[in-house]
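Let's take a walk through this chain together. Have the sequence handy and keep the 3D view open as you read.

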Amino acid sequence: SLYNLASLELRENLLTYLPESLAQLQRLEELDLGNNELYHLPETIGALFNLKDLWLDGNQLAEIPQEVGNLKNLLCLDVSENKLECLPEEISGLTSLTDLLVSQNLLQVLPDGIGKLKRLSILKVDQNKLIQLTASIGDCESLTELVLTENQLQSLPKSIGKLKKLNNLNADRNKLTSLPKEIGGCCSLNVFSVRDNRLSRIPSEISQATELHVLDVAGNRLTYLPLSLTTLKLKALWLSDNQSQPLLTFQTDTDPETGEKILTCVLLPQMPSEPGCQDNLPRCGALESLVNEMSDETWNERAVNRVSAIRFLEDEKDEEDNEMRTLLRRATPHPGELKNMKKTVENLRNDMNAAKGLDSNKNEVNNAIDRVTTSV
């Protein structure tokens, strides 16, 4: 009977259901039901025509009734931290929606109708089970932030290049093996993060995203970067988890397979992490060669096939001299392996210092005995 009620906040209670009479609150604009124990929503939720904000996060919802598509004035819908396996196709009816938050659910796909949300600005689908991203995402012309972190995506649709207003795209911790060249069409993209995927290359068309300032490609399988990257005004480029500086000095090189001009640096290529090195520190091949004066065979076996050359710029004599004074660089060890190498070297150094201490003490004892013998 609270006909004039505009805002109803019921967050952090133990509610397990909602009364059907809720539909009579025709002037309700804000409804917060977050962090309760709701297992389903009544179909009458679709009768709240003036609703602008609906928070349902932190419940036990396995589905959303299709009547939710009747909420033509809804601006924000938060159904994160539930047990949703799908979203109703009728969600396309939320024509005023600007924020859609569906993080931490069990979604494998998004409905194609999401492309009809022309005003949608923020879409967060992180920590779900997405195996593909619908091509209709390219029709969300107002999208500025797209968060796809921690899903099962192996690719992104080509239509993503139609998102001209997209500012932040995060697809960390997926299974991406490639990026569409159309990604360069995201002309407003400022932050692009694809950390911890399975990428072997970055398309050269990325340079068309001229507003790109932060690029995070750490934890992938890159052997080089496209030369076109030098045309961007990057403020931060992340290539490895232990990188001490956001920007590195790059060199041009040639891919022996394609003949393409590429960029490389001290961190590329980088050997993959090997769990065995965590348990058995002395197994790290480069360290064995350093400490035990072993052959370099172990290192060679684990190095990436491509060999990159580092030349000294100050040496500009004849070609023969340049060839003689060229260093051939092998793959950089994985950051975790480098840490283990450092730890092992420190342990060896401590052992050597301890041994020197024992020798020193022994000499002092011998000298003392000599003095005592002499005095006697």
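Which residue forms a salt bridge with glutamate 150? The partner is arginine 173, and the closest N and O atoms of the two are 3.3 Å apart. Keep in mind as you look that this is a predicted model. Glutamate 150 sits in the loop between E7 and E8, while arginine 173 is in the loop between E8 and strand E9 (191–193), so the bridge ties together parts that are 23 residues apart in sequence. As for burial, glutamate 150 has a relative accessible area of 34%, so this residue counts as partly exposed. Arginine 173, at 37% relative accessibility, is partly exposed too.

Now shift over to another charged pair. The side chains of aspartate 139 and lysine 162 also meet in a salt bridge, at 3.0 Å from N to O. Here aspartate 139 belongs to the loop between strand E6 (122–124) and strand E7 (145–147), and lysine 162 to the loop between E7 and strand E8 (168–170), so this pair links parts of the chain that lie 23 residues apart in sequence. Aspartate 139 comes out as partly exposed at 30% relative accessibility, and lysine 162 is also partly exposed, at 45%.

For a third pair, head towards the start of the chain. Aspartate 32 and arginine 11 join their side chains in a salt bridge, again given as N to O, at 3.0 Å. The two come from distant parts of the chain: aspartate 32 is in strand E2 (residues 30–32), arginine 11 is in the loop between strand E1 (7–9) and E2, and 21 residues separate them. Is aspartate 32 buried or exposed? With 10% relative accessibility, aspartate 32 counts as buried, because the cut-off for that label is under 20%. Arginine 11, on the other hand, is partly exposed at a relative accessible area of 28%. There is a bit more to see here, since Arg11, Asp32 and Asp57 are linked in a network of salt bridges. Across the whole structure, the search turns up five salt bridges.

Time to look inside. The largest nonpolar core has 74 residues, and the ones with the most contacts inside it are Leu31, Leu123, Leu148 and Phe192. Pick out leucine 148 and see what surrounds it. Leaving aside residues up to four places away in sequence, leucine 148 touches a list of residues that includes Val125, Leu130, Leu133, Leu153, Leu156, Leu169 and Ala171. Also among its contacts are Asp126, Asn170, Asp172 and Asn174.

Next, a sheet further along the chain. Three strands make up an open sheet in the order E11-E14-E13, with antiparallel pairing. Strand E11 (225–226) and strand E13 (251–254) are the edges, each pairing on one side only. Between E13 and strand E14 (residues 261–264), the antiparallel pairing runs over four bridges. If you want one spot to check by eye, try glutamine 251, whose bridge partner in E14 is threonine 264.

Finally, zoom out. The chain has five helices and 16 strands, and buried residues make up 44% of its 376 residues. Of the contacts with a separation of 6 or more, 30% are between residues 24 or more positions apart. The accessible surface comes to about 20,500 Å², with 49% of that belonging to carbon and sulfur atoms.

Terms used:
Residues are numbered from 1 along each chain as its sequence is written. This is a predicted model: local features need pLDDT of at least 70, side-chain atom pairs count only at pLDDT 80 or more; totals for chains, interfaces and linings use all residues. Side-chain values use heavy atoms; hydrogens and water are left out. A nonpolar core is a set of buried Ala, Val, Leu, Ile, Met, Phe, Trp, Tyr and Cys residues joined through side-chain atoms within 4.5 Å. Buried means under 20% relative accessible area, exposed over 50%, partly exposed in between (1.4 Å probe, protein chains only). Contact means heavy atoms within 4.5 Å. A salt bridge is a side-chain nitrogen of Lys or Arg within 4 Å of a carboxyl oxygen of Asp or Glu. Two strands pair if DSSP finds at least two bridges between them. Accessible areas come from the Shrake-Rupley method with a 1.4 Å probe; for residues, only the protein chains shown count as cover.
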